[in-house]
Amino acid sequence: MASTSGPPWIRCSRSTWEKWSADCCGVPRPPVQAALDAFLKRLAQRASPATVDAYRRDIGGLIGYLETQDVHAWHQLDVTLLRRYLAHERTRGMAPRTLARRRAALSRFADELVRRGELDHNPVQLTQAPRQPRHLPSPVDVDLLGRFLDTPHDGDPLEVRDQAMLELFYSCGLRLAELAALELSSLDERHVRVVGKGGKPRQVPLGSRASDAIRAWLGFRSALAGEGETALFIAQHGGRLGHRSIQARLADTARKRGLPEHLHPHRLRHSFASHLLESSQDLRAVQELLGHANLSTTQIYTRLDWQQLAEVYDKAHPRARRRPAASSDESSDNR
C-alpha cells in the first residue's frame, strides 16, 4: 500500500510516479529523483527486479527525509545529514541488519553521484555501520526432517511440486531467490546450475531423492505451464511461482504434516549446511556448495556440535592428547 505522507515521488508507486511525471502539466522531475532514476536504470541492466526495487525503497527513504529537512539537491548531502538520517531511522525502530543494508545501498548510490559530478566524495563511507547481532537459525533435527520429507502426500500436482521444492532446498542448500529463478535448462541429470548473489554462478550436486521428486513434478508441469513459460516451478495460473507463494506453501506443508516447528527456506538451507558440516567437517566444501564468497560467512552460518569439536580437538591436536595416568607404584617411585 502506498504511503500517505512525503513528497509525491516517494508516496506513490513507480507506475503512478511515471504517470504523474508525464501528465503533470510538464513539471520536470525533481533533481534528486532524476539522479535516482538514472542510477536504477543502470542497475537494472545487471541486477534482478527485486534488487532494483530494494534500492528504490532504500534510497527513496533518504529522499523522503531530505524533503523534511528542506534539502533539494544532492550536493547538500554531507556526513552530518546522513548520520542524522540513520539515527532517525534507528529511533523509528529499524533493525540493525536493515539499517546496514540501507547504508550499503546509499553508499553505492553515492558512488554514482560522485561519478555524475553531483558529489565531490562519498559521505556514506564516513558513517559507521551498526553492530550486527549474530543470530543463527537453528537447523531442524536431522531425523525429524527426514521423517517430514518422507511423509506421503496425496499425489495432487501442486503437492508433487511442493515436494520437489522441499527436496531441492534441503538437498542443494538453495536460497529462496535461487530456487524461484530456476529454469528448465538449469537442470541436468546430476547437477543443478544456480545464479547466486552478485550474479555468481555455481553448480550443486543433485541428490537422488531430489532427482526423483523433480522427475515426478515434470510429469505434471507441462499440463500447467503457460505457453513459452521456462520456469521450473510454476503456479496454478501457469506463470513462475513467486517468493511469497513458495514461503507460504512450505509453511502450509509443515503444518499439514505435523512438523512441530516453523519451516521456511532459509531454515532448510541452514539445515543442509549444518547436517553436511557435521558429517564431513569440510568447511571449504560447504562454502562452495552454499555459494559464499568468504569463508567467514560460512563459519557464522553453520555450527558444529560442541562434543564433535572436542573430539576432533582431542584426536588431532598434539598438545591435547592426554597421557595415560601413571600407576601408583610409579608415582611413589618418582616422588
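This passage walks through a predicted model of a single chain, from its overall make-up to a few helices and residues.

The chain holds 16 helices alongside two strands. Of its 335 residues, 39% count as buried. Among the contacts in the chain with a separation of 6 or more, 57% are accounted for by residues 24 or more positions apart.

A good place to begin is helix α4, which covers residues 49-68. With 20 residues at 1.5 Å a residue, α4 should span 28 Å, and its end C-alpha atoms are 29 Å apart, so the two values agree. The buried residues of α4 are Val52, Ala54, Tyr55, Arg56, Asp58, Ile59, Gly60, Leu62, Ile63, Gly64, Tyr65 and Leu66. Just after this helix comes Asp70, with a positive phi of about 60°.

Two packings of α4 can be followed in the model, and the terms for them are simple. A pair of packed helices is described by the angle between their axes and the distance between the axes. With α5 (residues 79-91), α4 packs at an angle of about 110°, and the axes are 11 Å apart. Angles of 65 to 115 degrees count as roughly perpendicular, and α4 and α5 are therefore placed in that class. On the α4 side, the contact is made by Asp58, Gly61, Leu62, Tyr65 and Leu66, while α5 contributes Leu81, Leu82, Arg84, Tyr85 and His88. Sorted by class, this contact has six nonpolar, two polar and two charged residues.

The packing of α4 with α6 can be described in the same terms. Here the axes come within 9 Å and cross at roughly 85°, and α4 and α6 are therefore also roughly perpendicular to each other. Tyr55, Arg57, Asp58, Ile59, Gly61 and Leu62 of α4 meet Arg101, Arg102, Ala105, Leu106, Arg108 and Phe109 of α6. The residues of this contact divide into six nonpolar, one polar and five charged. Asp58, Gly61 and Leu62 of α4 take part in the contact with α5 and in the contact with α6.

Helix α6 itself runs over residues 96-116. Its 21 residues reach 30 Å from the first C-alpha to the last, close to the 30 Å expected at 1.5 Å a residue. Its buried residues are Pro96, Leu99, Arg102, Arg103, Ala105, Leu106, Ser107, Phe109, Ala110, Glu112 and Leu113. Gly117 follows the helix and has a positive phi, near 85°.

What does Leu36, in helix α3 (residues 31-43), touch beyond its sequence neighbours? Leaving aside residues up to four places away in sequence, its contacts are Ile59, Ile63 and Phe109. Leu36 is buried because its relative accessible area is 2%, and buried means under 20%. The C-alpha atoms of Leu36 and Leu113 are 9.1 Å apart in space, although these residues are 77 residues apart in sequence.

Attention now turns to the annotated residues. In the unreviewed UniProt entry, the annotation "active site" covers Arg175, Lys197, His266, Arg269, His292 and Tyr301. Arg175 is found in the loop between α8 (157-172) and α9 (176-180). Its relative accessible area is 14%, so Arg175 is buried. Not counting residues up to four places away in sequence, Arg175 touches Phe169, Gly196, Lys197, Arg202, Arg269, Leu290, Gly291 and His292. Lys197, Arg269 and His292 thus appear among the contacts of Arg175 and also within the annotation.

Another annotated residue, His266, lies in helix α12 (residues 265-280). His266 is partly exposed, at a relative accessible area of 35%. The 16 residues of α12 should span 22 Å at 1.5 Å a residue, which agrees with the 23 Å between its end C-alpha atoms. The buried residues of α12 are Pro265, Arg267, Leu268, Arg269, His270, Ser271, Phe272, Ala273, Ser274, His275 and Leu277. Just after α12, Gln281 takes a positive phi of about 60°.

Finally, helix α8 contains Glu159. This residue counts as buried, at 12% relative accessibility. Glu159 touches His153, Asp154, Arg249 and Lys256, with residues up to four places away in sequence left out.

Terms used:
Residues are numbered from 1 along each chain as its sequence is written. This is a predicted model: local features need pLDDT of at least 70, side-chain atom pairs count only at pLDDT 80 or more; totals for chains, interfaces and linings use all residues. Side-chain values use heavy atoms; hydrogens and water are left out. UniProt positions are given in the numbering used here, feature names are shortened, and annotations may be inferred rather than shown by experiment. Helices (H or I, at least four residues) and strands (E, at least two) are DSSP runs, numbered from the N terminus. Buried means under 20% relative accessible area, exposed over 50%, partly exposed in between (1.4 Å probe, protein chains only). Contact means heavy atoms within 4.5 Å. The expected span of a helix is 1.5 Å times one less than its number of residues. Axes are lines fitted to C-alpha atoms, for helices over the stretch in contact, and angles run from 0 to 180 degrees between N-to-C directions. Angles under 35 degrees count as roughly parallel, over 145 as roughly antiparallel, 65 to 115 as roughly perpendicular and the rest as oblique. Ala, Val, Leu, Ile, Met, Phe, Trp, Tyr, Cys and Pro count as nonpolar, Asp, Glu, Lys and Arg as charged, and the others, Gly among them, as polar.
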